[in-house]
Each structure stands twice: as C-alpha cells, then as structure tokens.
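Subject: A structure for you to explore

Hi there,

Here is the structure I promised to pass on to you. Have a look at it first, and then read on for my notes.

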Amino acid sequence: MKFTLSWLKEHLDTQASVAEIAEALTDLGLEVEAVVDPAARLSAFTLARVQQAEQHPDADRLRVCQVETDEGVRQIVCGAPNARAGITVVLAKPGDYVPGIDVTLSVGNIRGVDSHGMMASERELELSDEHDGIIELPSGEVGQRFVDWLAENDPAKVDPVIEIAITPNRQDALGVHGIARDLAARGLGTLKPLRQAHVEGQFPCPVSITIDADTRGEGGCHVFAGRLIRGVRNGPSPKWLQDRLTAIGLRPILALVDVTNFFTFDRNRPLHVFDADKVSGNLRVHRAADGQTLVGLDEKTYTFSDGQVVISDDTGIESIAGIMGGLATGCTEETVNVFLEAAVWDHIQIAHTGRALKINSDARYRNERGIDPAYNMQAMEDAAQMILDLCGGEASSVVMAGQVPDTTRAYTLDPKRVVSLVGMEIAESEQRQTLTALGFRMEGNLAYAPSWRPDIRGDADLVEEVARIASLTRLQGRPLPRATSGVPKPILSPLQKREQIARRTVAALGYNECVTYTFIEQAHAALFGGGGDATMLANPISADMSHMRPALLPGLLKAAADNQARGFMDLALFEVGHAFHGGEPEEQHLSACGLLVGRTGPKDVHGASRPVDLYDAKADAEMVLAALGAPARMQILRGAEAWWHPGRHGKLCLGPKKVLGVFGELHPRVLAAMDVKGPAVAFTLWPAEIPLPRKTGATRPALTRNNLQAVERDFAFVVDAEVEALTLVNAAAGADKALIEDVRVFDEFIGGALGEGKKSLAITVRLQPVDTTLKEKDIEAVADRIVDKVSKATGGVLRG
C-alpha cells in the first residue's frame, strides 16, 4: 500500500515529520517497507542564471556558458539546444551526485574548455523522462535550493511516498483514510471529517440490475448498486489526480477510470464503470457456466468454471465480479454515457475465482480481504459527485439489488483484564477514548465494532486495539515474582533431566549427535517392529516418510549409510529422542541410542586400532546408565528383538521384566537392508525405566572412607561352556554382600585337559572389612561361601 504525505494530509491534520509518521505506522502494526523522499536526492541542487552563452570553439553543438551561482560566476559547457542567456536553470556543482545518470560530478575539460558543473534536465534529476533540453524555471533566485522552489511551485515532485505492508486482518488500512484514522488515534494529528456527497437523480436509471437466487448473499453478492451518468466528457483527469496516481505507481488513463482508482486507494472502495452505450439491455449478477469466456481489460481471455460469479448483460458476460471488467464495455475517450457500479461481494468467493483465473488486481486484493459494506451506498454518491465535477453530465437515480449486510456486533471491554493482559497501566478513560477514536461505538462496557473492521471478532481483539494504540514500546521489563520463598524447585522433570544427562554423557564419550526425522519409510519401520497402520501418517511429506519411527536406530543407520557413501567408514553416532509404539499421544517412549560402525580409530603402527565389538557398546551403555543413576548391579539376559544379532547381544535388566536397555551387534540382515557396511554395534537405553531414587533431596550422604586394609582372593572355576560369566560373578558377589566389594573376571580358558564342553573362568574377589581387620579364618570362611554359591548357581567346581 503506497500513499504520499500530501494525500495523507487530506485526511489528517498533522505537523508530524515523515520520520515520525513512519515510526508510528510501524509501531501500530502497519510496517513501513520504504519511504521515498524525492527532496533527499535533490537537496544539493541550487538555482543559477545564465549570463552569457557562446558557441564552443571546437564543437558545433556545444555552448560555453557563463553562469551566475551563489559562489560567483562559473563557466559551464552545455550541449542542450535551449541553453541561452537570461534563463534560470538548476545547477549541479562539482561533487554533487546526479541520480539520473548515476554520476558524481567533477571539474571536467570538454574539448579543451573547462566546465565547472552541469545544468540539469528533468530526466537527469529523475523528475520525468524529458531530456530534450535543460530545465528552464519561470522564477527563482540565484542560490535558492531547488527543492524549496519545487515545494512552492510544484509540490507533487517532492512529495514523499510511504509504502507499508498490510497484514490480511487490516483491510481497513488499504485506504488512506484508514491509515489516517490509526495515526489520529495514536495522537499524531486530528482526523478530518469526510465530505459526504448527495447526488439527486435527474431521471430514472434505464439499466436495471438483478442478482440470481443462487448468487444472492453469502457465497456470492450481498448488494449491487449502480446509476447511469449521461453526457460525460471522458478526457484526461486533472493534474492533482494524475500526480497522486503516478506517485503510487499507477498510470493515469482517463478521468472515469482514474476516479475509480482514486477511491480504491483513498477509501479502500473498489468501483467499476461500464460504457453504458456498449451494454445491451440490463445487468445480471449470476454464476458462470463451465467453458464461458471473457476478454478482460488486460486484453487476456479468461475461461470460467461452474459457480464463478460474473456480471452479464443481455448478450453475455461483461465483467468478472469484483475482480476485473471486460474489454468490450470498457470506457474510452469516446464514452459519453457511463454506468457506475458499487457492490459488496463474498470475499471467499472472490479469492477462489481470482486464484483460479490467476488475476491479481487491486480490486481483487481488496474485495477478497473485505471492504466496508456500510459505505457501499455512500461510495456511489461520492464517486458520482466526483465524476460530475470532473466530467460533467447528469446522474440518474440509484438502482439496487440485494441488501447491505448487517455487521452489527458488540464485545465487552474489561479495563482490568486489558491491564492484566497488556502488562502496563492504561487508564479506563484512555481505553475508551482509544476505541472511540478507532470508530467503535461505546455503550457502557459494550464496544460496537465499526463496519470497516471485520477482523474484530472477540473481547481479545479489543485488548489488542488498546495495546496497539498505547504502544507496546512503553512496556517496562519487570522480574517475575517468586512463586515460593527460598530455593526454587527444579523446573525440569526427572525424565527431562535424564534426557539432558544422557545427551551430555554420550557426547562426552566421543559420539556425534544426530537429529533425524521421526518419519521413516514403511520398509525400514518393519525391520524394527513397526510399520503398521497405527503409526502410519495420514498425510506424509513423501513416500519414504510414511510411518512414525518405532526406534531411533533406523535414523542412525540411514545417517551411517549416507556417511559411508561419502567415504566416512568409521562412525560414532547417537540420538536422544522419542520413538513410537502406537498412534496415540501417550504411545511414545524416550530412548537414548548410540551406534558404532567400523573401527575404534585410524590405523597406526602400534596396532591399537581394531574393529568395534559388542563390549564397546556394553561399556558405553553402562557408563550412560551409571550417569542416569541406575543401580550398579544388573542382570544381562538374552532374548532381545530380532534386529539384534541372536548370539551377540544382551539386555540390561533389573529383573526379567525390568529392561533398562539393550546392547550388542546388529543383525547382518538389518545392516544389508539399510546398506550399512559392518561391523556395527549399538545400544538403546530407556531412561524412564530406571527407578527413581528414594531420596529426592539435594543433600549428599557423608563420605565414607575405610581405614582397614582390603583383601583380594583369586578363584578359578571349571563350568560348562554355555554358563555365562555374569551368572558366576553374581553368584560370587552374593556370598557376602556386606563384605564383598567387587568381583571381576580376569581369565577364561577353554580346551586342554578340561575336556569337551568345559571352560575355566578365573575371578578376583575384593573383600573390604568395615569394623575390624580380617583374619585368615574370616577369609577362609568367606571363600568357602563363595565356592558354595558358585557351585549351586553354575554347577561348577573349584579348579585344582
């Protein structure tokens, strides 16, 4: 939306500067996108007078002029045909920037003659396209600023142009009067009252109008009004009107069309004029049939679909309702009789038709956002009066079909609620004054919304209007009051805290974090127990994002495959996020997943690099669980899901049904399906399964330090080959929970004299006394209990 400062002042009595107006508009929600001030680019130029002009000694078309300036007489070489003694010109001095030729002047030498400046043409100053000669001014004093002379004699050429962005809910600001209303409510001036014309009809209108039953009201046309004006002279519009339209980027055409364009931008009131002599019979508003066509004013042919609203005469379609007129009935210089139309259309219907036909017109832009229906009949009067003033003629009576829609609605103003929501003190009187200035009618605490504000739909909109005019820049920052005294309670829930700890711990182990899509393709989801209808998306982004992920591993494996395809074979990736085991909001679970692919590091001369194995994943999983507060003693069981290697994985459990996580190698079938080159090991942890600590306080227990010597004893047991080492370790640790501090495996031996199906596991048991130093008999008693426990749990015997 563009408008000039002088146009704004036709509606607003103000002394505010352009900068103040621009700042206020942006603060009001009408963001200023550009301010074009012609005076700024012309400020350096001054007036001068040519005292003498002689032929250049070495050029037929150049003259050497002696020019009187505010700095004395200067010699200037000029090639303009009208350069002569006695004329007042516009002078550009050395150092001045000339916008029309994009040059900063300097003292020049033209064919041996020095030139100290330039006498400018209108095109060189970007005032017009005129460049046949230099500017000749009928008046002005030497040294006077050119912008000051223009402000006195041709103000349109230095009239600042302001362009603002209009949000869809502020259709009232698509007219200069609506913008002036907002500024007046802010206090930047006084809104001038509108002049309301009344044109008495001199004869009955010979053109009748009708609206078909299926087109009347919602979804079509609410009201259609018109009148005939005969005997008009459709010539060029006056200079003031042409200047206004040109300044905002519109091309003046003829007076009748310029009047409708003026009302479009001045009052946000699209109108249309038909050449009445080209209209056959009467006008009818109806829905088009599929395949009907019209040549529009832009000389393009438009083909209609069923249901689009059009205006027809007795011979066929003559206009696209509310969007564009037809070429056949357009006004020209020969137009003598004109039919003026003003209507209120359903804005959704206008939007659908405009998009379908791909027409972007000023009329569509406004009608699809909504215009003021209550102004429809007065717009007919105002526009008719302007046409009579500019073109002459006499007007008929007004004909009308349909009914102006009733927009009456009221909402309650709660001053205390306004203060609470806005966050600053605004007196009740100021709130009421603000709404009144914006056109609301106040009856007690009820605010009746004006007809030009269809966006006002509730009490909250009243709050917004008050806050907008009061300016949210007045808000003062205030700290929130404490809900309770003392140390505040933690903000994060235990699960959120665990999510944070898991992310930091895995990153500290050297993994790179990935953030993958929660949507994956059905084939990948099926590999990990998903891909069913419950997790299928109703409207997927693409075919390979059709299901919610059942686990984090598919995303990590896809990231690994993408990296391997680019030559990065050794990877350590992790992600912490939610996976989904159903389609309901509660059917999701938090997971922490890590993936190791390739080798532990680059090859080196020491041979330290090796392929990753399940023990790497196990160590990292245990490290993360320890950071999350999981118990130190856990069971490792088999029987995890099918995407794990059947013989090289383990479930970290606190019991058969309490699974905290899984680690191990991934099944080769899964790696092949995901196009990942192994070896690949991973772990998946579920932080929510870790029991919460019994004590929730922030205090730590006292540090316990033992001053008694610890004792270590080694044991070697011969057990069956299928016995798991962890079973043996747990059995040994349970022999005396108070005394045994640690049990660890340090050797495994298979074969030799042990025989087929047997193996030897060697463990170290660390005993830590608390009350008294252990004696040999105490140690022997514990050793006997260890042997007994292990024998019962594994069937093993102490190796001789």
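Below is what I found about charged side chains and a nonpolar patch.

Please keep in mind that this is a predicted model.

Let's begin with the salt bridges. A search through the whole structure turns up 44 of them. A good one to start with joins the side chains of R244 and E10, with 3.3 Å from N to O. This pair links distant parts of the chain, as the two residues are 234 residues apart. R244 sits in helix 6 (residues 239–247), while E10 is in the loop between helix 1 (5–9) and strand 2 (12–13). Are the two partners buried or exposed? R244 is buried, because its relative accessible area is 13% and the cut-off for buried is under 20%. E10, at 42% relative accessible area, is partly exposed.

Next, look at E443 and R441, whose side chains form a salt bridge at 2.3 Å, N to O. Here E443 is partly exposed, with 41% relative accessible area, and R441 is partly exposed too, at 42%.

A third pair is R503 and E499, where the N to O distance of the salt bridge is 3.6 Å. Both belong to helix 14 (residues 494–508), and they are four residues apart, so about one helical turn separates them. R503 counts as partly exposed, with a relative accessibility of 24%.

Salt bridges can also join up into a network. In this model, one such network links R170, D172, D182, R453, D455, E465 and R468. Try highlighting these residues together in your viewer.

Now for a charged residue without a partner. Which side chain of opposite charge is nearest to E341? That is R269, 5.8 Å away. E341 is buried and has no salt bridge; a salt bridge would need a nitrogen to oxygen distance within 4 Å. E341 lies in strand 24 (residues 338–345). Leaving out neighbours within four places in sequence, the contacts of E341 include F224, L271, H272 and M380.

Finally, turn to the surface. V295, L297 and L327 make up a nonpolar patch there, and together they have about 220 Å² of accessible area. V295 belongs to strand 19 (residues 293–295) and is partly exposed, at 35% relative accessibility.

Happy exploring, and do write back with any questions!

Best wishes

Conventions: Residues numbered from 1 in each chain as written. Predicted model: local features only at pLDDT ≥ 70, side-chain atom pairs only at ≥ 80, totals over all residues. Heavy atoms only, no water. Buried < 20%, exposed > 50% of the residue type's maximum accessible area, 1.4 Å probe, protein only. Lys, Arg positive; Asp, Glu negative; His and termini not counted. Contact = heavy atoms within 4.5 Å. Patch = residues over 30% accessible without salt bridge, like charges linked within 9 Å, V, L, I, M, F, W, Y side chains within 5 Å. Areas by Shrake-Rupley, 256 points an atom, 1.4 Å probe, with all protein chains shown as cover.
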